[in-house]
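Biologist: Please take a close look at one strand of this model, together with its partners and the segment that follows. I should like a connected account of its pairing, its burial and its side-chain contacts.

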Amino acid sequence: MPVEQDLPHGVLATRTLAMPTNTNPAGDVFGGWLLSQMDIAGGIMAHRRAGGRVATIAVNSMEFHRPVFVGDVVSCYATIERVGRTSLTVHIEAWAAQRDGDHQTKVTEGKFTFVAIDQARQPRPVPAESETR
């Protein structure tokens, strides 16, 4: 098991509650649900930085550290790690806290790559950071 860090890295991009409908047949929160929450968080961060529409083109890595349980509040924190000509790589950490508790535990992390796209869904250049503010 990885060494747990004290605080999340990145900007809070999303926060949601794990519900019974997010479980697999065994009653555990489904990893695919958590991956989708992370993709949403990364997409929000990439959209802001790219100044417009983006599409997920790769999940470069995913590591599940601890389980998420029904009733946990799941927060996703995102950091842009790389900006290319048309793509961005975002590192996302998912942290969970019991609904009535303050202590968060890192449950998952991954790297996602997004490409900036235009109205015709074709790749477009990511503007310089000064152009997106």
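Modeller: The account below begins with the strand itself and then turns to its neighbours.

This is a predicted model, in which local features require pLDDT of at least 70 and side-chain atom pairs count only at pLDDT 80 or more, whereas totals for chains, interfaces and linings use all residues. Residues are numbered from 1 along each chain as its sequence is written, and side-chain values use heavy atoms, with hydrogens and water left out.

The part in view is strand S5, residues 105-116 (a strand is a DSSP run of E with at least two residues, numbered from the N terminus). Of the 12 residues in S5, 11 are buried (buried means under 20% relative accessible area, exposed over 50%, and partly exposed in between, with a 1.4 Å probe and protein chains only).

S5 pairs with two strands named here (pairing requires at least two DSSP bridges). With strand S4, residues 87-98, the pairing is antiparallel and runs over 10 bridges; in this pairing Ala94 has Thr108 of S5 as its bridge partner. S4 leads into S5 by a hairpin of six residues. With strand S2, residues 54-64, S5 is again antiparallel, over nine bridges, and here Val59 is bridged to Phe112 of S5.

Phe112 also takes part in the one aromatic pair of the structure. Its partner is Phe114, and the two rings are stacked, at 6.5 Å centre to centre and with 15° between the planes (ring centres of Phe, Tyr or the six-membered ring of Trp must lie within 6.5 Å; planes under 30 degrees apart are stacked, over 60 edge-to-face, and the rest tilted). Both rings belong to buried residues: Phe112 has 0% relative accessibility, and Phe114 has a relative accessible area of 1%. In a regular strand, side chains alternate between the two faces of the sheet.

The whole structure holds two salt bridges (a side-chain nitrogen of Lys or Arg within 4 Å of a carboxyl oxygen of Asp or Glu). One joins Lys111 to Glu81, with the closest N and O atoms 2.6 Å apart. Because Lys111 lies in S5 and Glu81 in strand S3, residues 72-83, this pair ties together parts that are 30 residues apart in sequence. Lys111 is partly exposed at 26% relative accessible area, and Glu81 is partly exposed at 44% relative accessibility. The other salt bridge links Lys106 and Glu109, whose closest N and O atoms are 3.0 Å apart; both of these residues are buried.

Beyond S5, the segment that follows contains Arg124. Arg124 is buried but has no salt bridge, and the nearest side chain of opposite charge, that of Asp118, is 7.0 Å away (Lys and Arg count as positive, Asp and Glu as negative; His and the chain ends are not counted). A polar atom of the Arg124 side chain does lie 3.1 Å from the backbone oxygen of Ala50. Leaving aside residues up to four places away in sequence, Arg124 touches Ala50, Gly51, Gly52, Arg53, Arg85, Thr86, Ala116, Ile117 and Asp118 (a contact is a pair of heavy atoms within 4.5 Å).

Technical notes. Helix = DSSP H or I, 4+ residues; strand = E, 2+ residues; numbered from the N terminus. Polar contact = N/O pair within 3.5 Å; in protein donor to acceptor, adjacent residues only side chain to side chain.
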